[in-house]
Amino acid sequence: MAAPASLRDRWLGWRNRLVASPRFQRWAAGFPLTRGIARKNTRALFDLCAGFVYAQVLTACVRLDLFRILTEGPLPLEVLARRLDLPLENARCLLSAAASLDLVRALPGDRFGLADLGAALTGNPGIAAMVEHHALLYADLTDPVALLRGAAGPTRLAGYWPYASGAIGDAASVAPYGGLMGASQALIADDVLDACDLSRSRHLMDVGGGEGAFLQAVAARHAALGLTLFDLPAVADRAAERLAQIGLAERIACRGGSFHDGLPTGADTITLIRILHDHDDAPAQALLAAAHAALPPGGTLILAEPLAGTPGAEPVGDAYFGFYLLAMGSGRPRRAAELHRMLRLAGFTASKERPTRRPLLTRLIVAQKDAR
């Protein structure tokens, strides 16, 4: 027998029935005190329905290289149509759509220039890489109910990230995601380094370091800090090759392996940059335990990743990353409190969140191993 509904539940039920009423909706849209709220909610609901179209407008802009073209300055529609290789009216359709999304700006004389969002994209190539990558996610979300019920079959994202299914991978299988992972890490590297103090660290090991984008940023800031990259063997080999090409072979040692077999010792600071949320609870807990075992007494673990429940960015964690990781077949977004509990279970005696410049992109938790 179900428990009696609480007063709050009954009030919510009454409120929901009221809001669902077309008659009430028409009244609220016209009444001066509720008109603004009604219009805001109507826009929000429409944006949810039309969000896929907005994303495809962005994809078209990226694939046509529109933002880079406009870095030269505003251009007339006719010139842009030729540069984009589009019929004039189709070019107008795209540019008008992009202007409505604040990606470009419509100017007098039928000209268009960059708006702030479009300009920001030109300075962050990692975002453009993610936009292109989303074609795989969209394909996996064609039938979201089948995905939720586990009836969708093998997903494209699971194939793209071979370690999601437990595969070690060879050079060919890790190559597609190596660059994307590097772009993702480069996007947040400065935010992470601004938020954590490495002045007392002697040697830092970046676990799951990809092709070394984060350690490249660390090397630029901390000339005396010893650096090691640890990742799957094929990934570590690609990292060593890339780092050698940019003159960092002597600064950064690359070691291949699996954390399931333990982590190398010797570093007094370990970083996990956008790594933990890729793993289900059991392997994520095992990874934290492996980091604890590899660190010396008093050692430091730094976790940096987007978290669920981030104030003002709740859809990023629970909606975007929730469904992305579901399609990937591994991991889930976690809240800060969950990570603190997992760190204690792994043996860390203290953990504290440090503020970052853009918590929507990454939040930072620093954990300490007991010094005894």
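Student: Why is Tyr-324 called buried in this model?

Tutor: In this predicted model, Tyr-324 has a relative accessible area of 6%, and since buried means under 20%, Tyr-324 is therefore classed as buried.

Student: How many aromatic pairs are counted by the ring-centre rule?

Tutor: The count comes to three aromatic pairs. One of them joins Tyr-320 and Phe-321, whose ring centres lie 4.9 Å apart with 85° between the planes.

Student: What makes the pair of Tyr-320 and Phe-321 edge-to-face?

Tutor: The centre-to-centre value of 4.9 Å falls within the 6.5 Å needed for a pair, and the 85° between the planes is over the 60 degrees required, so the pair counts as edge-to-face.

Student: Are Tyr-320 and Phe-321 buried or partly exposed, and how do you know?

Tutor: Tyr-320 has 26% relative accessibility, which lies between the limits of 20% and 50%, so Tyr-320 counts as partly exposed. Phe-321, at 12%, is under the 20% limit and is therefore buried.

Student: Why is the pair of Tyr-320 and Tyr-324 called tilted?

Tutor: Their centres are 5.9 Å apart, with 35° between the planes; that angle is neither under 30 degrees, as stacked would require, nor over 60, as edge-to-face would require, so tilted is the remaining class. The two residues are four apart in helix H15 (residues 314-328), which means that about one helical turn separates them. Tyr-320, Phe-321 and Tyr-324 together form one aromatic cluster.

Student: How do you know that Asp-231 has no salt bridge?

Tutor: The nearest side chain of opposite charge, Arg-238, is 10 Å away, whereas a salt bridge needs the nitrogen and the carboxyl oxygen within 4 Å, so none is assigned. Asp-231, which is found in strand E5 (residues 226-231), is nevertheless buried.

Student: What lies 3.3 Å from a polar atom of the side chain of Asp-231?

Tutor: The backbone nitrogen of Gly-209 lies at that distance, which is within the 3.5 Å limit for a polar contact. Asp-231 also touches other residues distant in sequence, among them Met-181, Ala-236 and Arg-255.

Student: What makes strands E2 and E3 a pair?

Tutor: Strand E2 (residues 104-107) and strand E3 (residues 111-114) are joined in the antiparallel sense over four bridges, and since at least two bridges are required, the strands therefore count as paired. Val-104 stands opposite Leu-114 in E3, and the hairpin has three residues between its strands, with Gly-109 in the turn at a positive phi of about 80°.

How values were computed:
Residues numbered from 1 in each chain as written. Predicted model: local features only at pLDDT ≥ 70, side-chain atom pairs only at ≥ 80, totals over all residues. Heavy atoms only, no water. Buried < 20%, exposed > 50% of the residue type's maximum accessible area, 1.4 Å probe, protein only. Lys, Arg positive; Asp, Glu negative; His and termini not counted. Polar contact = N/O pair within 3.5 Å; in protein donor to acceptor, adjacent residues only side chain to side chain. Contact = heavy atoms within 4.5 Å. Phe/Tyr/Trp six-rings, centres within 6.5 Å; stacked < 30°, edge-to-face > 60°. Lists of a residue's contacts leave out its neighbours within four places in sequence.
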